[in-house]
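Below is a brief report on one protein model with a bound ligand. Please keep the sequence and the 3D view open while reading.

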Amino acid sequence: MALENPTYPGALSVFCGTGSKYISVPVGENGIDLNVLEDVLSQRRAKLIYVVPSFHNPTGVTMNVAARRRLIEIAGQFRVPIIEDDIYRELRYNGPDIPPLKALDEHGMVIYISSFSKVGFPGLRVGWIAAPRVVIDHLNRAKQRSDLHASLLAQAAIFEFARRGLLTKHIKRVKKAYSQRRDAMLEALEKHFPDDASWSRPDGGMSVWVRLPQSVNTSQLLVQAIESGVTFVSGEHFYSSSPRQNMMRLSFTMAGPQAIEQAVKQLGSMIKARLLKSRKERSVRRTDGLRALV
Ligand SMILES: Cc1ncc(COP(=O)(O)O)c(C=O)c1O
């Protein structure tokens, strides 16, 4: 299994459990690093490639069309099917639509998965897969063995909702609210986070990926943040290897613009206080080490 590093923790628990073999491929400005992937596949046999090409969780990056074509080419060359997890596709707030890998795939290499969770119905547990017939037949049997079938009531409810045109309206409303919340978060970060922090500016999705200075450990920061009523996901949970301790994922979909501004302000002052403390400690350590030369 080859997968992006970092990636969605749910995928890590499915694909990277004890005993399973996986290859971690870094994510760059344009999604999965295709040079590394090509290199890795030329040396090791992989059975699947798992990617989130649009509004990647957690980095927010979206692969452009050229990168998508090259990924499909690489998959074709090494005969490795791709799982395209396109769960955030509907949540684009600006920029032109980019076709899914599945739409560009001439070799039948892509298994496309999505669900209704991110457009507002996580409790329904209804999703779908578009894949070659033979894959669907296998998955049908596996699904029957695991839970017989997905809830018929949930499927009927979402079907009726869509049939009446309400899903389209709902997605429009959700996108408007989420894009305002994203903008509120980006503005608040600019205002309240230290100059040496940096973050993604995603065209869609649900979260912003923040890099703090090395000295800030986001798991420790989280403990303090929770005490003051603010929460986020610390970055280490998204890595299959070499976890970074100074990353955090801030979701902008759960609260309104004012609450977001307030929470980012609180986080910003906690981070600045930690930076100040670590700078002071470093300068004390430096002066401790000084020896009188005269
Ligand atoms: C990339 C990705 N895939 C899948 C899921 C989970 O989707 P579902 O709720 O439909 O199982 C998430 C949820 O965060 C996600 O980020």
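Where does Pro6 lie? Pro6 is in the loop that runs between strand 1 (2–5) and helix 1 (9–15). Keep in mind that this is a predicted model.

**Loops with unusual backbone geometry**

Start with the peptide bond that leads into that proline. The bond from Asn5 to Pro6 is cis, and its omega is near 10°. A cis bond also joins Asn57 and Pro58, with omega about 15°. Pro58 belongs to the loop between strand 4 (49–51) and helix 3 (65–78). Phe55 is found in the loop between strand 4 and helix 3 too. The phi of Phe55 is near 50°. That is a positive value in a residue other than glycine. Asn57, on one side of the cis bond to Pro58, is also one of the residues around the ligand.

**The ligand site**

Which residues surround the ligand? They are Tyr8, Tyr50, Val52, Asn57, Asp85, Ile87, Tyr88, Ser115, Ser117, Lys118 and Arg125. By class, this shell holds five nonpolar, three polar and three charged residues. The ligand takes up the space of the largest pocket.

Three side chains place a polar atom at the following distances from a ligand atom.

| Residue | Ligand atom | Distance |
|---|---|---|
| Asp85 | nitrogen | 2.6 Å |
| Tyr88 | oxygen | 2.6 Å |
| Arg125 | oxygen | 2.8 Å |

How much of the ligand does the protein cover? On its own, the ligand has 400 Å² of accessible area, and the protein covers 81% of that.

**The seven-stranded sheet**

One open sheet has seven strands, in the order 3-2-1-4-5-6-7, and its pairing is mixed. Why is one side of strand 3 and of strand 7 left without a neighbour in the sheet? Strand 3 (31–32) and strand 7 (127–130) stand at the edges with a single partner strand each, so one side of each has no neighbour there.

Now take strand 1. Strand 1 pairs with strand 2 (residues 23–28) in the parallel sense, over four bridges. Here Glu4 has Val25 of strand 2 as its bridge partner. Strand 1 is also joined to strand 4 by two bridges, and these two strands run parallel as well. Leu3 stands opposite Tyr50 in strand 4. Tyr50 is one of the residues around the ligand, so the sheet and the ligand site meet at this residue. In a regular strand, side chains alternate between the two faces of the sheet.

Towards the strand 7 edge, the sense of pairing is antiparallel. Strand 6 (residues 110–115) and strand 7 pair this way over four bridges. Ser114 has Trp128 in strand 7 as its bridge partner. Ser115, listed around the ligand, falls within the residue range of strand 6.

**The four-stranded sheet**

A further open sheet is built from four strands in the order 8-9-11-10, and its pairing is antiparallel. Which strands stand at its edges? Strand 8 (198–199) and strand 10 (233–234) do, each with a single partner strand, so one side of each is left without a neighbour in the sheet. Strand 8 pairs with strand 9 (residues 207–211) over two bridges, in the antiparallel sense. Within this pair, Trp199 stands opposite Val210 in strand 9.

Technical notes: Residues numbered from 1 in each chain as written. Predicted model: local features only at pLDDT ≥ 70, side-chain atom pairs only at ≥ 80, totals over all residues. Heavy atoms only, no water. Near = heavy atom within 4 Å. Polar contact = N/O pair within 3.5 Å; in protein donor to acceptor, adjacent residues only side chain to side chain. Areas by Shrake-Rupley, 256 points an atom, 1.4 Å probe, with all protein chains shown as cover. 1 Å grid on protein atoms, 1.4 Å probe; cavity = no way out; pocket = protein on both sides within 12 Å on 5 of 7 lines; lining within 4 Å. Sits in = over half its atoms within 2 Å of the grid points. Nonpolar A, V, L, I, M, F, W, Y, C, P; charged D, E, K, R; others polar. Pairing = 2+ DSSP bridges.
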